[in-house]
Amino acid sequence: SGCAFKHISFSKKKRGLIVRLTEELADELDALLLFNVINPQEGIKVHKSADPRRISAIQRLHKKGLLTQADGGYLTELGREAMEQVHMALTILTTG
């Protein structure tokens, strides 16, 4: 599906908590990358024929308050902040 975060499994201990990048979280990060960082006013629509993992990721982002609709829609304020951070992290990790 072109997922930029396929098959990532690592953990880091931080203040007694184990933080893991699960496949579901990676799918959510990948879904945030679908949004236009230059024009966050552009929305998306995930059709029923889309990859089931993409559909589930979009639905989870909606439940978490990052998207206005369960099938995409627009980023909320929290969603815009998350999308910008994901884009920044990807830029840092892929530059140089």
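In this predicted model, β3 and β5 run antiparallel and are joined by two bridges. Within this pair, I44 sits opposite G73 of β5. Strand β5 also has β4 as a partner: β4 and β5 pair in the antiparallel sense, again over two bridges. Here L67 has L75 in β5 as its bridge partner. The link between β4 and β5 is a hairpin, which passes through two residues. A useful rule for looking at such strands is that side chains in a regular strand alternate between the two faces of the sheet.

It helps to place these strands in the whole chain. The chain contains three helices and five strands, and from the N terminus on these elements follow the order β-β-α-β-α-β-β-α. Of the 96 residues in the chain, 28% are buried. The chain exposes about 6,700 Å², and carbon and sulfur atoms supply 55% of that area. Contacts also link distant parts of the sequence: among those between residues at least 6 apart, 53% join residues at least 24 apart.

Helix α2 is a good place to look in detail. It is made of twelve residues, 52-63, and at 1.5 Å a residue it should span 16 Å; the C-alpha atoms at its ends are 16 Å apart, so the expected span and the model agree. Which residues of α2 are buried? They are A57, I58, R60 and L61. These four residues lie on the same side of α2, because they cover an arc of only 160 degrees around the axis. The general geometry of helices helps to picture this: an α-helix has 3.6 residues a turn, so residues three or four places apart point the same way.

What covers the buried residues of α2? The cover includes helix α1 (23-32) together with the strands β3 (44-45), β4 (67-69) and β5 (72-75). The paired strands described at the start, β3 with β5 and β4 with β5, thus reappear here as part of the cover over α2. The face of α2 turned away from the buried side looks outward instead, carrying the exposed residues P52 and K63.

The two ends of the helix can be described as well. At the start of α2, a side-chain oxygen of D51 comes to within 2.7 Å of the backbone nitrogen of R53. Beyond the other end, α2 is followed by G65, a residue with a positive phi, near 85 degrees.

Key: Residues numbered from 1 in each chain as written. Predicted model: local features only at pLDDT ≥ 70, side-chain atom pairs only at ≥ 80, totals over all residues. Heavy atoms only, no water. Expected span 1.5 Å × (residues − 1). Buried < 20%, exposed > 50% of the residue type's maximum accessible area, 1.4 Å probe, protein only. Arc of directions from axis to C-beta. Contact = heavy atoms within 4.5 Å. Polar contact = N/O pair within 3.5 Å; in protein donor to acceptor, adjacent residues only side chain to side chain. Areas by Shrake-Rupley, 256 points an atom, 1.4 Å probe, with all protein chains shown as cover. Pairing = 2+ DSSP bridges.
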